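Reader: I'm new to this one and would like a close look at a single part instead of a tour of everything. Could you pick a helix and walk me through it, along with the salt bridges that go with the topic?

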Amino acid sequence: PANGVRGYLAVHGGFALAPVMGSETTYLRSGFGGFEGRALAKGDQVGLRQALDGHGLDALQKALWDLRIYLPGTLGHKQRDAIRFLPGMQWQEFSEASRHAFGGSEFRISPQSDRMGYRLQGPALSMSQPRQMLSEAACFGTVQVPSGGEAIILMADRQTTGGYPKIAQIASVDLPLLAQYAPGRALRFAMIELDEAQRLDGERERAFAQLLDALAPLRALLGPGRP
């Protein structure tokens with residue numbers, strides 16, 4: 001990719017993979033899904049679910065060349081000075097110094113980071129009065145703080161529940177940008193209000209709908225099948 005650490009490939013009709021619990025993605029930690037439950041290696045061959053009409057490929061290539069599709073600016077990869085967040089469930093239970101540090105200090109993504117979670121190196125964060133907690137629901141972008149004070153941002157392969165206090169929730173609009181950050185990357189956080197987070201998420205949804213409409217001619221050229 002031109003920016004970030006991950007690139008994406010979309011294939012007409014999808015790959016010929018057996019769904020697991022309704023998904024064709026790979027879960028490496030448990031070794032199931034996708035292609036044999038593991039990362040792809042040199043020499044692997046993955047079949048396609050639907051082939052293109054070989055007799056019309058030249059015409060299709062020309063038509064695609066003539067088609068002009070513009071990515072809405074809202075969906076572009078824009079660098080930001082800070083990742084936006086909302087207060088977490090236990091935000092007020094963290095010390096004032098910890099809340100100030102999270103919103104004003106620089107952190108760095110630890111080498112011990114993966115698609116399950118980004119461990120942050122930076123100021124140690126702590127609650128005003130440490131206490132035992134029952135496990136609660138956790139989601140993509142939840143920022144948990146274990147007893148050691150090292151914050152962890154839960155990413156795409158995160159668990160569904162957790163018992164660590166939650167200092168913050170990353171705004172959903174900034175999660176795609178955060179997912180492109182590599183270990184060693186420095187980052188800062190900036191708090192926003194819930195209304196602002198919802199407005200930004202709505203703008204993104206409208207941009208996706210606009211892109212979907214713009215791709216209608218392309219889907220017509222490719223013929224029936226999944227986009």
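Author: What follows is a look at helix α4, and then at the salt bridges and a few residues elsewhere in the chain.

Keep in mind that this is a predicted model. For a bit of background, the chain has 227 residues, and 32% of them count as buried. Its secondary structure comes to five helices and 12 strands. The C-alpha trace spans about 70 × 35 × 30 Å along its principal axes. Take the contacts with a separation of 6 or more: 70% of these are between residues 24 or more positions apart. The accessible surface comes to about 14200 Å², and carbon and sulfur atoms hold 55% of that.

Now for the helix. α4 covers residues 194–214, which is 21 residues. At 1.5 Å a residue they should span 30 Å, and the end C-alpha atoms are indeed 30 Å apart, so the expected span and the model agree. Which residues of α4 are buried? They are Ala-197, Leu-200, Gly-202, Arg-204, Ala-207 and Leu-211. What do these buried residues pack against? Their partners are β3 (83–87) and α3 (175–179).

An arginine in that list may catch your eye. Arg-204 has a relative accessibility of 16%, and because buried means under 20%, it counts as buried. Arg-204 also makes a salt bridge with Asp-201, where the closest N and O atoms are 2.9 Å apart. Both residues sit in α4, three residues apart, or about one turn of the helix. Here is the general background: an α-helix has 3.6 residues a turn, so residues three or four places apart point the same way. Asp-201, for its part, is partly exposed, with a relative accessible area of 24%.

Arg-204 has a distant sequence neighbor to mention too. The C-alpha atoms of Gly-73 and Arg-204 are separated by 9.6 Å, although the two are 131 residues apart along the chain. Gly-73 belongs to the loop between α1 and β3, and it is partly exposed at a relative accessible area of 43%.

That same loop brings us to another salt bridge. Arg-80 pairs with Asp-174, with 3.9 Å between the closest N and O atoms. Arg-80 lies in the loop between α1 (57–66) and β3, while Asp-174 lies in the loop between β10 (166–170) and α3, so the pair ties together parts that are 94 residues apart in sequence. Is each partner buried or exposed? Arg-80 is partly exposed, with a relative accessible area of 35%, whereas Asp-174 is buried at 2% relative accessibility.

Asp-174 has further company. Leaving out residues up to four places away in sequence, Asp-174 touches Arg-80, Ala-82, Ile-83 and Arg-84. With Arg-84, the side chain of Asp-174 makes a polar contact of 2.7 Å. Recall that β3 and α3 are what the buried residues of α4 pack against; Asp-174 is in the loop between β10 and that α3.

The structure holds 15 salt bridges, so let me add one more group from another part of the chain. Glu-36, Arg-38 and Asp-44 are linked in a network of salt bridges. Within it, the side chains of Arg-38 and Asp-44 meet at 2.9 Å, N to O. Arg-38 is partly exposed, with a relative accessible area of 30%, and Asp-44 is partly exposed as well, at 27%. Glu-36 counts as exposed at 58% relative accessibility, and its place is the loop between β2 (32–33) and α1.

Glu-36 has something unusual in its backbone. In general, most residues other than glycine have a negative phi. Glu-36 is not a glycine, yet its phi is positive, about 60°. Met-21 is another case, with a positive phi near 55°.

Where is Met-21? It lies in the segment before β1, and it is exposed, with a relative accessible area of 75%. Met-21 joins Val-20 and Phe-32 in a nonpolar patch on the surface, and together they have about 300 Å² of accessible area. Val-20 is also found in the segment before β1 (26–27); at 31% relative accessibility, it counts as partly exposed.

Definitions and conventions:
Residues numbered from 1 in each chain as written. Predicted model: local features only at pLDDT ≥ 70, side-chain atom pairs only at ≥ 80, totals over all residues. Heavy atoms only, no water. Patch = residues over 30% accessible without salt bridge, like charges linked within 9 Å, V, L, I, M, F, W, Y side chains within 5 Å. Areas by Shrake-Rupley, 256 points an atom, 1.4 Å probe, with all protein chains shown as cover. Salt bridge = Lys/Arg side-chain N within 4 Å of Asp/Glu carboxyl O. Helix = DSSP H or I, 4+ residues; strand = E, 2+ residues; numbered from the N terminus. Buried < 20%, exposed > 50% of the residue type's maximum accessible area, 1.4 Å probe, protein only. Expected span 1.5 Å × (residues − 1). Contact = heavy atoms within 4.5 Å. Polar contact = N/O pair within 3.5 Å; in protein donor to acceptor, adjacent residues only side chain to side chain.
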